[in-house]
Amino acid sequence: MDHEADANRTDLMTITRFVLNEQSKYPESRGDFTILLSHILLGCKFVCSAVNKAGLANNLGLAGDTNVQGEEQKKLDVISNEVFVKALISSGRTCLLVSEEIEDAIIVPPALRGKYIVVFDPLDGSSNIDCGVSIGTIFGIYTVKDTANVAVEAALQSGSSLVAAGYCMYGSSCTFVLSTGNGVNGFTLDPSLGEFILTHPNIKIPKKGKLYSVNEGNAKNWDEPTTKYVENCKFPKDGSPPKSLRYIGSMVADIHRTLLYGGIFMYPADMKNPNGKLRLLYEVFPMSYLMEQAGGQAFTGKQRALDVVPEKIHDRSPVFLGSYDEIEQMKELYANSKANGE
Ligand code: AHM
Ligand code: MG
């Protein structure tokens, strides 16, 4: 064993060290955010391990299936939801939770309350679970002023009020991407240490991109600007090479690639779904926040995505996310289509 190499590893920037460094810049900080984050990370490690063992542990497939012992199996997304709800409540730092898996918001009992609201999708990309394609957890964090009187309405804040957001991708490696409003950093789980290590410091999305990402099966029902944009990706009028299409159908994986390589990810409105598919609070807002923090943009077709104020906790919105220049083009197409009364 190479002891010197091992000793050098203690110099690694773990996520705990990173967040404590950040915390030390604010002498008034009581470390509440650091504690909350450590509980989120624990949840991610649990889910990562459950995802890795899914085939072996027999928890692929539908909830309600039974295993060979005749016990009812829990679906991975059900397990993930339970893991995060417990991890977040037991942090003692949350007052309100909104999960994609639960219809009503959870109001944390007074004795366990703290100032943070956490909105999350415990396991996004459910259609990809059973075939081993990357899936992920998405979360956003808000604060409340009055922890004594917490109601569900406290979660109906625009994305611009987020104090932090991130995702964890369960893919070929387990990658945690975080922003606390001061850029975007990526960490990779070292399974031998059980620690997330800073591997992608200060992620900046390229200003232009060569990739576009969309479910083109819905093209029949798209609006004019989306149709024109995609047409231009394939048959550019300015002599530039056509863009390549990449679509996984797992938002975390599609956004992770877009952040690193540049390009555009879209889930537009269509005639059948005027609000698109993705949910504002725990899909559109966290990813839009990360995109902006990385130098990109997020647009709904009408406005900056982070400025939308949800009316209900599970509201949806169309969204275009990605490289600055790509979203500028999209905005122009929408402005022209409005001007032409389309
Ligand atoms: P889910 O929350 O039910 O998993 O749905 C969200 C997912 C996203 O990860 C992904 O971007 C999108 O659905 C893909 O949808 P589609 O299969 O319509 O292309
Ligand atoms: Mg989802």
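This passage describes the overall fold, the main sheet, the two domains and the ligand shell of a predicted model.

The protein chain contains 8 helices and 13 strands. Its radius of gyration is 21 Å, close to the 20 Å that the globule rule gives for 342 residues, so the chain is as compact as a globular protein of that length. Taken along the principal axes, the box filled by the C-alpha atoms of the protein chain is roughly 60 × 55 × 55 Å.

An open sheet is formed by 8 strands, which follow the order β2-β1-β3-β4-β5-β6-β7-β8. The pairing in this sheet is mixed. At its edges are β2 (106-107) and β8 (195-200), each of which pairs on one side only. Within the sheet, β4 and β5 are joined by 7 bridges in the antiparallel sense. In this part of the sheet, G136 stands opposite M169 of β5.

Two hairpins follow along the sheet. In the hairpin of β6 and β7, 5 residues lie between the strands. Its turn includes G181, which has a positive phi of about 95°. The pairing of β6 with β7 (residues 185-190) is antiparallel and runs over 4 bridges, and L178 has N185 in β7 as its bridge partner. The hairpin of β7 and β8 has 4 residues between its strands. Here the turn holds G194, with a positive phi of about 70°. These two strands pair in the antiparallel sense over 5 bridges; the bridge partner of L189 is F196 in β8. Strand β7 thus takes part in a hairpin with β6 and in another with β8.

The domain assignment divides the protein chain into domain 1 (3-200) and domain 2 (211-339). Taken over C-alpha atoms, the centres of the two domains are separated by 25 Å. Contact between the domains involves 34 residues of domain 1 and 27 residues of domain 2. On the side of domain 1 that touches domain 2, the elements giving two or more residues are β3, β4 (135-143), β5 (164-170) and β6 (174-179). The largest share of this side, 5 residues, is supplied by β4. By class, the residues on this side of domain 1 are 17 nonpolar, 14 polar and 3 charged. Strands β3, β4, β5 and β6, which contribute to this side, also stand consecutively in the order of the open sheet.

For the C-terminal part, an unreviewed UniProt entry places the feature "domain: Fructose-1-6-bisphosphatase class 1 C-terminal" at residues 205-334. In the model, this span is 36% helix and 12% strand. The C-alpha atoms at the ends of residues 205-334 lie 23 Å apart.

Ligand 1 is surrounded by 13 residues, of which G125, S126, N215, G249 and M251 come nearest. Two elements, β3 (113-124) and α6 (251-261), give two or more residues to the shell around the ligand. Both domain 1 (3-200) and domain 2 (211-339) are represented in this shell, with at least three residues drawn from each. The class composition of the shell is 2 nonpolar, 6 polar and 5 charged residues. Strand β3 therefore appears in two settings, as a contributor to the shell around ligand 1 and as one of the elements on the side of domain 1 that touches domain 2.

How values were computed
Residues are numbered from 1 along each chain as its sequence is written. Chains are lettered from A and ligands numbered from 1 in the order in which they are written. This is a predicted model: local features need pLDDT of at least 70, side-chain atom pairs count only at pLDDT 80 or more; totals for chains, interfaces and linings use all residues. A residue is near a molecule or strand if its C-beta atom, placed from the backbone, lies within 6 Å of it. Ala, Val, Leu, Ile, Met, Phe, Trp, Tyr, Cys and Pro count as nonpolar, Asp, Glu, Lys and Arg as charged, and the others, Gly among them, as polar. Domain bounds come from an automatic or database domain assignment. UniProt positions are given in the numbering used here, feature names are shortened, and annotations may be inferred rather than shown by experiment. Two residues are in contact if their C-beta atoms, placed from the backbone, lie within 7 Å. Two strands pair if DSSP finds at least two bridges between them. The radius of gyration is taken over C-alpha atoms; the globule rule is 2.2 Å times the number of residues to the power 0.38.
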